[in-house]
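Work through the exercises below with the sequence and the model at hand. Each task is followed by a solution in steps.

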Amino acid sequence: QRGRLARTIGTMKRITLLRHAKSSWDEPGLSDFDRPLNPRGRRNAPEMGRRLKARGQVPDLLISSPALRALTTARMAAREMGFPEGRIIEEPSLYHASGGRILAIVNSLESLAEHLMLVGHNPGFNDFVNCLSEARVDNLPTAAIFCVDFDVDDWSEIVPGKGRFVYFDYPKRPFDR
């Protein structure tokens with residue numbers, strides 16, 4: 001019976017998606033990839049990290065798009081959560097990835113991590129969020145967090161529609177643990 005309980009406890013994977021915070025359009029000649037956060041984004045990214053920490057939702061694994069606005073968001077949130085910035089993994093294929101590509105990234109993970117955080121972009125993040133569970137989001141705002149659980153042992157077992165919605169949060173929403 002003890003062995004059965006241990007197997008039951010270890011059968012969950014959590015995905016937390018964090019869309020990059022608000023970026024700046026002040027430099028028209030700058031490439032999309034190199035756009036920095038604007039002042040609101042620099043306030044919101046750490047705030048969302050603090051909210052994650054307050055919920056006890058610090059991931060085991062954090063993977064970010066390497067685009068400046070996403071990576072800056074990931075670093076600022078990580079700092080507030082107490083997640084080591086040096087452990088953030090940059091995944092080039094997350095930059096403007098489709099929902100299907102994001103699922104492929106998740107399914108390819110071999111990590112023993114139980115809680116994965118991805119930091120990236122719309123429209124792919126919005127598409128991915130809407131395929132994970134019964135919850136629907138019309139538009140995942142900048143710096144929004146969407147969290148979903150899966151009753152699976154391995155990342156390769158995550159499939160659309162089988163997730164259990166946990167919560168959705170964004171900077172303009174009053175914080176409620």
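**Exercise 1. A pair around strand S6**

Task: In this predicted model, find the acidic partner with which Arg164 forms a salt bridge, and state where each residue lies.

Solution.
Step 1. The partner of Arg164 is Asp151, with the closest N and O atoms 2.9 Å apart. A salt bridge requires such atoms to be within 4 Å, and the pair meets that cut-off.
Step 2. Arg164 belongs to strand S6, while Asp151 sits in the loop between S5 and S6; the two are 13 residues apart, and the pair links distant parts of the chain.
Step 3. Arg164 has a relative accessible area of 40% and is therefore partly exposed. Asp151, at 56% relative accessibility, counts as exposed.

**Exercise 2. A pair between strands S1 and S5**

Task: Asp149 forms a salt bridge with Arg14. Decide whether Asp149 is buried or exposed, do the same for Arg14, and say what the pair ties together.

Solution.
Step 1. The closest N and O atoms of Asp149 and Arg14 are 2.6 Å apart.
Step 2. Asp149 lies in strand S5 and Arg14 in strand S1 (residues 13-19), so the salt bridge ties together parts that are 135 residues apart in sequence.
Step 3. Buried means under 20% relative accessible area. Asp149 has 5% relative accessibility and so counts as buried. Arg14, with 13%, also counts as buried.

**Exercise 3. Arg55, Asp169 and their network**

Task: Describe the salt bridge between Arg55 and Asp169, then name the network to which these residues belong.

Solution.
Step 1. The N to O distance between the side chains of Arg55 and Asp169 is 3.2 Å.
Step 2. Arg55 is in the loop between helix H2 (39-54) and strand S2 (61-64), and Asp169 is in strand S6, so their contact ties together parts that are 114 residues apart in sequence.
Step 3. Arg55 counts as buried because its relative accessibility is 18%. Asp169 counts as buried at 1%.
Step 4. Arg55 and Asp169 are linked with Glu47, Arg50, Arg51 and Glu80 in a network of salt bridges.
Step 5. For the whole structure, the search finds twelve salt bridges.

**Exercise 4. Two charged surface patches**

Task: Which residues form the negative surface patch, and which gather in the patch of positive charge? Place one residue of each.

Solution.
Step 1. The negative patch is made up of Glu110, Asp153, Asp154 and Glu157.
Step 2. Glu157 is located in the loop between strand S5 (145-150) and strand S6 (164-169). Its relative accessibility is 37%, so Glu157 counts as partly exposed.
Step 3. The positive patch on the surface gathers Lys22, Arg40, Arg42, Arg43 and Lys172.
Step 4. Lys172 is in the segment after S6. With 70% relative accessibility, Lys172 counts as exposed.

**Exercise 5. The surroundings of Ser133**

Task: Where is Ser133 found, and which backbone nitrogen does its side chain reach?

Solution.
Step 1. Ser133 is part of the loop between helix H5 (124-132) and S5.
Step 2. The relative accessible area of Ser133 is 2%, so this residue is buried.
Step 3. The side chain of Ser133 reaches the backbone nitrogen of Ala135 at 3.2 Å.
Step 4. Ser133 and Phe150 are 17 residues apart along the chain, and their C-alpha atoms are separated by 9.3 Å.

Key. Residues are numbered from 1 along each chain as its sequence is written. This is a predicted model: local features need pLDDT of at least 70, side-chain atom pairs count only at pLDDT 80 or more; totals for chains, interfaces and linings use all residues. Side-chain values use heavy atoms; hydrogens and water are left out. Patches are made of residues with over 30% relative accessible area and no salt bridge: like charges are joined within 9 Å, nonpolar side chains (Val, Leu, Ile, Met, Phe, Trp, Tyr) within 5 Å. Accessible areas come from the Shrake-Rupley method with a 1.4 Å probe; for residues, only the protein chains shown count as cover. Lys and Arg count as positive and Asp and Glu as negative; His and the chain ends are not counted. The place of a charge is taken as NZ of Lys, CZ of Arg, CG of Asp or CD of Glu. Helices (H or I, at least four residues) and strands (E, at least two) are DSSP runs, numbered from the N terminus. Buried means under 20% relative accessible area, exposed over 50%, partly exposed in between (1.4 Å probe, protein chains only). A polar contact is a pair of N or O atoms within 3.5 Å; within protein, one must be able to donate a hydrogen and the other to accept it, and residues adjacent in sequence count only if both atoms are side-chain atoms.
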